[in-house]
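Trainee: Got a minute to walk me through this model? I'd like the main features.
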Amino acid sequence: MPKQRVLITGAAGFLGSHLCDKFIQEDFHVIAMDNLITGDLKNIEHLFHLEQFEFYHHDVTKFVHVPGNLDYILHFASPASPIDYLKIPIQTLKVGSLGTHNLLGLAKEKKARILIASTSEVYGDPLVHPQNESYYGNVSTIGPRGVYDEAKRFQESITMAYHRFHGLETRIVRIFNTYGPRMRLNDGRVIPAFIGQALRGEDLTVFGDGSQTRSFCYVSDQIEGIYRLLLSDYVYPVNIGNPHEISIKDFAEEIIKLTGTKQKVIYKELPQDDPMQRQPDISCAKKILGWEPQVNRAEGMKITYDFFKGLSQDELTKKEH
Ligand code: NAD
Ligand code: UDP
């Protein structure tokens, strides 16, 4: 039997590379695509020798062509950390809009099922807590985060339009803060930021008074949820995340304990439109997918810390921003 063929965009990034591993493990033929704007080939180089793996260096905002048939497409290409999308705002808008349009067109052409990576950011700075899928969100269209949030909201709309108008098989995952090995140390997201600071002997920078909350999901749980959603019959958005919520201030203290650093917490200005609270309501994922997270924060953070500890001194001190 020929293998089923899946195209994964954003494949050299954090989640994309873990998806490549998952689909290889499930015996798919994996076609990986990335323009390396925030990703790194070292995340997937261990797959290069496999016959069932191929890589295209391509910007998905340009016409996307893939030879042969495709059974599935997972569209994960997009800057994902606030400092990345603030640095490259136009590309962020383009990959969510033009890029998604190209991939929906490709899915239609190939009669493939497509899953797109949406985000808890579609809820903006939420006024409903925890956030369930029926909440419409509270997003500033013109604020600095709007480039990401609105691109993702457009992405959901055009995906549903292709489903309704063309009968395309579509899936939408709303991903809540996910962490684990292969995050970029300097991508500015809170987990690599705090661990990097601890490893370099710097103070941990909490933004605002640290009372804002997040709920962190370990990457293997996220990947399993996405995989189950892809293979399910459910076309509406599904939250995938870990509901265990913590304030950023308490989280910094947890990291100080985990790493044994002698440094302290220092406070910096809260970025504009930084959501004050975030926690997924995962009842839909539980019901539809029989999914819930298996890895608690202590276990997940230990694995993640070990990964960052393994980086070279050069990688640890390299500053991107
Ligand atoms: P990442 O930055 O590690 O990966 C994104 C990848 O997309 C990178 O390899 C980058 O080079 C690639 N890319 C960006 N623009 C591209 C383009 N125009 N053409 C081709 N490739 C392009 O980020 P991540 O955390 O792995 O996020 C992956 C996806 O999941 C994103 O769509 C993001 O919005 C979504 N998401 C992630 C999280 C999270 O917590 N990690 C939360 C919500 C949503
Ligand atoms: N944050 C912080 N210090 C840092 C980096 C981030 O206090 O060095 C805060 C940030 O303001 C936000 C939370 O941590 O309230 C999560 O930030 P992240 O960039 O990881 O993700 P997002 O805001 O997209 O959820």
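Mentor: We'll take the sheet, the cores, the ligand shells and then some backbone details.

Mentor: This is a predicted model: local features need pLDDT of at least 70, side-chain atom pairs count only at pLDDT 80 or more, and totals for chains, interfaces and linings use all residues. Residues are numbered from 1 along each chain as its sequence is written, and chains are lettered from A and ligands numbered from 1 in the order in which they are written.

Trainee: OK, the sheet. What's the strand order?

Mentor: It is 3-2-1-4-5-6-11, in an open sheet of seven strands with parallel pairing. Strands are DSSP runs of E, at least two residues, and helices are runs of H or I, at least four, numbered from the N terminus. Two strands pair if DSSP finds at least two bridges between them.

Trainee: Which strands are at the edges?

Mentor: Strand 3 (53–57) and strand 11 (238–240), each pairing on one side only. Neighbouring strands are turned by 20° against each other on average, direction ignored. These angles come from lines fitted to C-alpha atoms, for helices over the stretch in contact, and run from 0 to 180 degrees between N-to-C directions.

Trainee: How many bridges join strand 4 to strand 5?

Mentor: Four, and the two strands run parallel. Tyr72 stands opposite Arg113 in strand 5.

Trainee: Which strands does helix 1 touch?

Mentor: Helix 1 packs on the sheet against strand 1 (5–9), strand 2 (29–34), strand 3 and strand 4. Contact means C-beta atoms, placed from the backbone, within 7 Å. Helix 6 (219–231) lies across strand 4, strand 5, strand 6 (170–175) and strand 11, at about 160° to strand 6.

Trainee: Now the inside. How many residues has the largest nonpolar core?

Mentor: It has 66, and those with the most contacts inside it are Ile8, Ile73, Ile114, Val173 and Phe194. Helix 5 gives the most to this core, with six residues. Such a core is a set of buried Ala, Val, Leu, Ile, Met, Phe, Trp, Tyr and Cys residues joined through C-beta atoms within 7 Å. Buried means 20 or more other C-beta atoms within 10 Å of a residue's own, exposed means 12 or fewer, and partly exposed is in between, with C-beta atoms placed from the backbone.

Trainee: How many residues of helix 5 are buried?

Mentor: Nine of the eleven, so helix 5 is largely enclosed by the rest of the structure. The cover over its buried residues includes strand 8, helix 7 (248–259) and helix 9 (297–309).

Trainee: Switching to ligands. How many residues surround ligand 1?

Mentor: There are 28, and the closest are Gly10, Gly13, Gly39, Ala77 and Ala80. The cut-off is a C-beta atom, placed from the backbone, within 6 Å of the molecule. Helix 1 gives the most to this shell, with three residues.

Trainee: And ligand 2, what's closest?

Mentor: Arg189, Val190, Ala193, Thr205 and Phe207, out of 15 residues around ligand 2. Strand 8 gives the largest share of that shell, three residues.

Trainee: Backbone oddities, then. Where is the cis peptide bond?

Mentor: It joins His129 and Pro130, with omega about -10°. Pro130 lies in the loop between strand 5 and helix 4 (146–166). Most residues other than glycine have a negative phi, and most peptide bonds are trans.

Trainee: What about phi of Leu36?

Mentor: Phi of Leu36 is near 65°, a positive value. Leu36 lies in the loop between strand 2 and strand 3.

Trainee: Is Leu36 buried or exposed?

Mentor: Leu36 counts as exposed, because it has 11 C-beta neighbours inside 10 Å.

Methods: Contact = placed C-beta atoms within 7 Å.
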